[in-house]
Amino acid sequence: MSGHSTYVPQSAIGRWFESRLPILGLMHGSFVSYPTPRNLNYMWTFGAMLSFMLVAQIITGIVLAMHYTPHVDFAFASVEHIMRDVNWGWFMRYAHANGASMFFIAVYMHMFRGLYYGSYKAPREVLWILGVIIFLLMMATAFMGYVLPWGQMSFWGATVITNLFSAIPLVGEAITTWLWGGYSVDNPTLNRFFSLHYLLPFMLVGIVILHVWALHVVGQNNPAGVEVKNVQRDTLAFTPYATAKDSFALVLFLIVFAWFIFYVPNYLGHADNYIEANPLVTPAHIVPEWYFLPFYAILRAIPSKLGGVVAMFGSIAVLAFLPWLDTSKVKSASFRPVYKVFFWVFVLVSIGLGYLGAMPAEGGYVIAARILTAYYFGFFLLIMPLLGMFETPKAVPATIADAVLAKRGNVVMNPAE
Amino acid sequence: MKTFKSIFTAALILGAAVVATTSANAAGEVEKPTRQSWSFGGPFGKFDRGQLQRGFQVYREVCAACHTLNKVAFRNLADKGGPEFSDSQIKALAAEYKIKDFDDKGEPIERDGRAADRFPKLFVNSDAAAAVHGVAPPDFSVIAKARGYSRGFPLFILDAFPGMAYQEHGVDYVAALLTGYTKPDDLNWNKYFPGHAIKMAKPLSADQVAYADGTPTTEAQYAKDVSAFLYWAAEPKMEERKRTGLNVMLFLLVFAGLMYFTKKKIWADAH
């Protein structure tokens, strides 16, 4: 993709094919000879895990769809049929349900990595924005997937979230009715959510291909945050170096994944979703899946419905503007002593918002959620633009090779520029 | 730098304060169930067949009058990893139930149950059940997973971790509820039920069900046995799952070790 390929097929058939459709060369250039910065740490292995999870979710999902019935009268029973009567059905379902959580664990690590090392900064703006689109699609897919088992949380979660659109002035009610396919969450809603839940992952695959393409045009960022200057000195071939490292990290990730599937499969779920949906009984607390909790906390922190909806969507949309909100010349937080502190506070704030999202919206919880929401937006809209102007970064290594050598301690680092 | 350290400390203190006040708010609700020791808890847990069989007996003689078990088939009671009744026992049991069906002329009939049938419904729908009982008694197929309680921060985090893993909130709640009728003058008051006023009057009392294996016939024992049975009904593949999990874990740990040394060898010439 980036023109690094020096691929020459060994066989005559290979050469014949390559001159007609150079797809093997494309693969070779992207996943074998592709140069990766030699100083990447293990935070750069989450991309491989995310690719794995996307494929795993699609495969388990396709098998589950063979046995699932998208109808309000049969959906809940068909999920139990999968758990009881389908060979390895319990495995497919637990792998798919926990797989969604693992997918989000990996994507949050990947995003915090980008935030820490300034991976969104030039020339990676498009790469980053594609990532934000992937995140949005993932959230939509996960939300609709959670509705399919048609438990109490499925139904009431769908009701709460679709109702958010009714806050839009003038057309809100009409949009909500259109989304539902009726005047409440009912069979038409379940049917379209199933259809879209099957469609969106394939759209995700498309955007992921663009994301990888954009990555391979601009090259990977790295912990030093300096660009590759000399391919020989600064990089290593993707295969075998990155392949081996990613594979090792992926196996560790699979151990965690397997732990959830086989030993604590319901830990991340909610007991109420084992009660079949009942439009006449509202659960005591309507809670979304854990990966939506920080955004749910932001939604409820704002006293007005429309304001809450705007803040919630804004909290994700703001990410797309990071490349221009961050005014710092230095990418990596390793050389930004002040930003580093604000970054770690941001991580704690995000976790805190997640905790508050699971608590009832009353008393001290609301006040705390407002304080943390203020920091969430302040971090992006005030701290990032101002810090770039006032912070004095530490000396940045001139090249990636220097950064590696400095870490080993045998060469004195040259100050940058 | 010092100012930022203090900002950081301030944030930590604020966070701790939030947690402290919020957990104080949460207190004063219903009492939390006691954590029982179950044979099926933990990564190597297995059901106690005798307990499942006794639990089924309690279900059948006490609970089944009002509570269905729609997702469970009679044949499941003979499945490996369950109560493991014999095939002839299942055949005899199924035949005691009447199943609504149609004959070959399309006329509605009632026939004897077969092993492949699921436990029949008691009412056409939940409205009919509610008309008789006041509220519709919940189906018991997944009740042990459909109930639960939170152990609160920070214990709920530990519940996920190896060595401390705790998945039995639901079954502990059910066992606690069945023994939570602690006001002898009010049989609809329950210590563990949210709001305490429960429609189901005290269902169990000592010597109500005759055990054949000499197990004490106390209320607490009945509650434990039937709860264990309901956990199996909700997770009939649990033994298969945990057994498979052990194989998967052993494979992955060895594989991880091999990958670690492979990666190390490949990277040896890179730095």
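**Salt bridges, chain interface and local packing in a predicted two-chain model**

Asp402(A) is buried, with a relative accessible area of 11%. The model in which this residue is described is a predicted one, and the values reported here are computed from it. The side chain of Asp402(A) meets that of Arg233(A) in a salt bridge, with an N to O distance of 3.9 Å. This pair connects distant parts of the chain, since Asp402(A) belongs to helix 17 of chain A and Arg233(A) to helix 10 (residues 231-234) of chain A, 169 residues apart. Unlike the buried Asp402(A), Arg233(A) is partly exposed, its relative accessible area being 39%.

A second salt bridge in chain A joins Arg84(A) to Glu80(A), whose closest N and O atoms lie 2.8 Å apart. Here the partners are local in sequence: they are 4 residues apart in helix 4 of chain A and therefore separated by about one helical turn. An α-helix has 3.6 residues a turn, so residues three or four places apart point the same way. Both Arg84(A) and Glu80(A) are buried. Chain A also holds a network of salt bridges, in which Lys121(A), Asp326(A), Arg336(A) and Glu391(A) are linked. Over all chains, the salt bridges number 23.

Between the two chains, 51 residues of chain A are in contact with 56 residues of chain B. The area buried between chain A and chain B is about 4,900 Å², and carbon and sulfur atoms give 72% of this area. Of the area that chain A buries against chain B, 17% is supplied by Arg84(A), Tyr263(A) and Tyr267(A), more than by any other three residues. Arg84(A), the partner of Glu80(A) in the salt bridge described above, is thus one of the three residues named for this contribution to the interface.

The count of salt bridges between chain A and chain B is 2. A salt bridge with an N to O distance of 2.6 Å brings together the side chains of Asp85(A) and Arg118(B). Polar contacts between chain A and chain B amount to 17 residue pairs, with both residues at pLDDT 80 or more. On the side of chain A that touches chain B, at least two residues each are supplied by helix 4 (75-84), helix 5 (89-117), helix 11 (238-262), helix 15 (337-358), helix 16 (364-390) and helix 17 (400-408) of chain A. Helix 11 of chain A provides the largest share of this side, with 15 residues. Sorted by class, the side of chain A that touches chain B comprises 41 nonpolar, 3 polar and 7 charged residues. Helix 4 of chain A, which holds Arg84(A) and Glu80(A), and helix 17 of chain A, which holds Asp402(A), are both among the helices listed for this side.

Turning to chain B, its secondary structure comes to 9 helices and 2 strands, and from the N terminus on the elements follow the order α-α-α-β-β-α-α-α-α-α-α. Of the 271 residues in chain B, 39% are buried. Among contacts in chain B between residues at least 6 apart in sequence, 59% join residues at least 24 apart.

A salt bridge in chain B is formed by the side chains of Glu31(B) and Lys191(B), with an N to O distance of 3.9 Å. The pair links distant parts of the chain, 160 residues apart: Glu31(B) lies in the loop between helix 1 (2-26) and helix 2 of chain B, whereas Lys191(B) lies in the loop between helix 7 (169-178) and helix 8 of chain B. Glu31(B) is partly exposed, with a relative accessible area of 45%, and Lys191(B), at 23% relative accessibility, also counts as partly exposed.

In helix 3 (residues 87-95) of chain B, the buried residues are Ile90(B), Leu93(B) and Ala94(B). Viewed down the axis of helix 3 of chain B, these buried residues fall within an arc of 95 degrees and so line one face of the helix. Ser88(B) and Lys91(B), on the other side of helix 3 of chain B, are exposed. The cover over the buried residues of helix 3 of chain B includes helix 2 (49-61) of chain B.

Further along chain B, Ala223(B) is located in helix 8 (residues 219-234) and is buried, with a relative accessible area of 1%. Residues up to four places away in sequence being left aside, Ala223(B) touches Ala175(B), Leu178(B), Thr179(B) and Leu204(B). Ala223(B) and Trp38(B), which are 185 residues apart in sequence, are 13 Å apart in space, C-alpha to C-alpha.

Note on methods
Residues are numbered from 1 along each chain as its sequence is written. Chains are lettered from A and ligands numbered from 1 in the order in which they are written. This is a predicted model: local features need pLDDT of at least 70, side-chain atom pairs count only at pLDDT 80 or more; totals for chains, interfaces and linings use all residues. Side-chain values use heavy atoms; hydrogens and water are left out. Contact means heavy atoms within 4.5 Å. Buried area is the accessible area (1.4 Å probe) that two parts lose on being put together, summed over both. A salt bridge is a side-chain nitrogen of Lys or Arg within 4 Å of a carboxyl oxygen of Asp or Glu. A polar contact is a pair of N or O atoms within 3.5 Å; within protein, one must be able to donate a hydrogen and the other to accept it, and residues adjacent in sequence count only if both atoms are side-chain atoms. Ala, Val, Leu, Ile, Met, Phe, Trp, Tyr, Cys and Pro count as nonpolar, Asp, Glu, Lys and Arg as charged, and the others, Gly among them, as polar. Buried means under 20% relative accessible area, exposed over 50%, partly exposed in between (1.4 Å probe, protein chains only). The arc is that of the directions from the helix axis to the C-beta atoms.
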